[in-house]
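Hi there,

Here is the structure I promised to pass on to you. Have a look at it first, and then read on for my notes.

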Amino acid sequence: MKSVSMTVNGKAVSGEVEGRTLLVQFLRDTLGLTGTHVGCDTAQCGACTVHVNGKAVRACNMLALEAEGADVTTIEGMASDDGALGVIQAAFQEHHGLQCGFCTPGMVMATADLLAENRSPSEAEIRAHLEGNICRCTGYHNIVRSVQAAAARMG
Ligand code: FES
Ligand code: FES
């Protein structure tokens, strides 16, 4: 076991992990941040998307030890401290951008990544950016509408 330390959602955290422990396992199992989902465990579905040093990454495709010293944001960090939904989360709720919700944390984190770079993405740009995030409920139309609404609100 090795110790690892990082900042998660603005708080300094640390824990003991094995060399093979994935970042998503550290977030969910050690820190109890179960909002980050595991859909495939093989970097194919995007459900585990979090931000590491401001960029969207798949937390099932990164070792916890690789995040040593990093600044990590999970879906829990997108809401306010009082639990109020963030702008993107609220847009997904209002525009029915989710059905079962399994893909939603990853979709929200991928959307935040897109809007940090491009505040007024076209529909094609939204679809291209979310291409690696798979929704098994096939709710893509409303997901795109949700992203457009979030962009309009943030713009
Ligand atoms: S669980 Fe990480 S990409 Fe699917
Ligand atoms: S809302 Fe069910 S997987 Fe996307």
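Let's start with two strands: β3 and β4 pair in the antiparallel sense, and 4 bridges hold the pairing. If you would like one pair to look for, find Val50, whose bridge partner in β4 is Val57. The two strands form a hairpin with 2 residues between them. In that turn, look at Asn53, which has a positive phi of about 50°. Please keep in mind as you explore that this is a predicted model.

Now for the other neighbour of this strand. β3 also pairs with strand β5 (residues 71–73), again in the antiparallel sense, over 2 bridges. Here His51 has Thr73 of β5 as its bridge partner.

Next, step back to the whole sheet. In what order do the 5 strands of the open sheet come? The order is β2-β1-β5-β3-β4, and the pairing is mixed. At the edges are β2 (11–17) and β4, each of which pairs on one side only. On average, neighbouring strands of the sheet are turned by 40° against each other, with direction ignored. A helix joins the picture too: α3 (residues 104–117) packs on the sheet and touches β3 and β4. The direction of α3 makes about 40° with that of β3.

That brings us to the domains. The domain assignment splits the protein chain into domain 1 (2–78) and domain 2 (87–154), and their C-alpha centres lie 21 Å apart. Where they meet, 15 residues of domain 1 are in contact with 14 residues of domain 2. Our hairpin strands turn up again here: β3 (49–52) and β4 (55–58) each supply at least two residues of the side of domain 1 that touches domain 2. The largest share of that side, 3 residues, comes from β3. By class, the residues on this side of domain 1 are 7 nonpolar, 7 polar and 1 charged.

Finally, a pair of helices. Helix α2 (residues 87–94) and helix α5 (residues 140–154) pack with their axes 8 Å apart, at an angle of about 135°. α2 and α5 are therefore oblique to each other, and their crossing is right-handed. From α2, the contact is made by Val87, Ile88, Ala91, Phe92 and Glu94; from α5, Ser146, Ala149, Ala150, Arg153 and Met154 take part. The contact has 7 nonpolar, 1 polar and 2 charged residues.

Enjoy exploring, and write back with any questions!

Best wishes

Conventions. Residues are numbered from 1 along each chain as its sequence is written. Chains are lettered from A and ligands numbered from 1 in the order in which they are written. This is a predicted model: local features need pLDDT of at least 70, side-chain atom pairs count only at pLDDT 80 or more; totals for chains, interfaces and linings use all residues. Domain bounds come from an automatic or database domain assignment. Two residues are in contact if their C-beta atoms, placed from the backbone, lie within 7 Å. Ala, Val, Leu, Ile, Met, Phe, Trp, Tyr, Cys and Pro count as nonpolar, Asp, Glu, Lys and Arg as charged, and the others, Gly among them, as polar. Axes are lines fitted to C-alpha atoms, for helices over the stretch in contact, and angles run from 0 to 180 degrees between N-to-C directions. Angles under 35 degrees count as roughly parallel, over 145 as roughly antiparallel, 65 to 115 as roughly perpendicular and the rest as oblique. A crossing is left-handed if the near helix is turned anticlockwise from the far one by less than a right angle, and right-handed if clockwise. Two strands pair if DSSP finds at least two bridges between them.
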